[in-house]
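Please walk through the strands of this protein chain with me, beginning with how far the coordinates can be trusted.

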Amino acid sequence: MSMDLSVPETWRVRGPLYRLEAARCRACGRIHYPPLPACPYCGSRDLERVRLPERGILESFTILYSVPEGSRHKAPIVLGLVRLGAARVVAEITDVDPGDLKTGMEVEAVLRRIRSDREAGIIRYGIAFRPLLRGGGGGR
Ligand SMILES: [Zn+2]
């Protein structure tokens, strides 16, 4: 009988990210993603879990042509500021040619494997966003 001790942690990390769970401060109304135990703005510990919408609007983006050693194959990396309802999230924009990006375009959350540590048996996931592209199916 063997136990894989990495499984519980993997799920603990993956769950809230996949569900786009954030924490809303009941005192000042700010929304924090990933969720925090206390509000960094007003110090309140009265926070409630809220679920962010999976689709949002790309408000701005930055294209990084210089990326860390080890991630070179991914260059360039696009970092976007995405508005999800009342919250703003900074995340990688994926599955797109940077030349096709426009502010105001609709994007949807996708789960991406961001790092794997084979020795520990842990695979980490993170949220990225990809444009909701119309066409191909005729659109509306
Ligand atoms: Zn607050």
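What pLDDT does the protein chain average, and what share of the residues score at least 70? The average is 80, and 70% of the residues score at least 70, where pLDDT is the predictor's confidence in each residue, from 0 to 100. This is a predicted model, in which local features need pLDDT of at least 70 and side-chain atom pairs count only at pLDDT 80 or more, while totals for chains, interfaces and linings use all residues. Residues are numbered from 1 along each chain as its sequence is written.

Among the elements, which are DSSP runs numbered from the N terminus (helices: H or I, at least four residues; strands: E, at least two), helix H1 (residues 6–18) has the lowest mean pLDDT, 51, and E4 the highest, 94. Over residues 1–11 the pLDDT is below 50, and this stretch has seven contacts in the model beyond near neighbours in sequence, a contact being two residues whose C-beta atoms, placed from the backbone, lie within 7 Å. Where pLDDT is low, the predicted coordinates should not be read in detail.

Strand E4 (residues 55–64) runs antiparallel to strand E5 (residues 77–84), joined by seven bridges; two strands pair if DSSP finds at least two bridges between them. Within this pairing, Ser60 stands opposite Leu81 of E5. E5 also pairs with strand E6 (residues 87–93), again antiparallel and over seven bridges, with Val82 having Val89 in E6 as its bridge partner. Two residues lie between the strands of this hairpin, where Gly85 takes a positive phi near 60°.

A further three strands form an open antiparallel sheet in the order E2-E1-E3. Strands E2 (31–32) and E3 (47–51) stand at its edges with a single partner strand each, so one side of each is left without a neighbour in the sheet.
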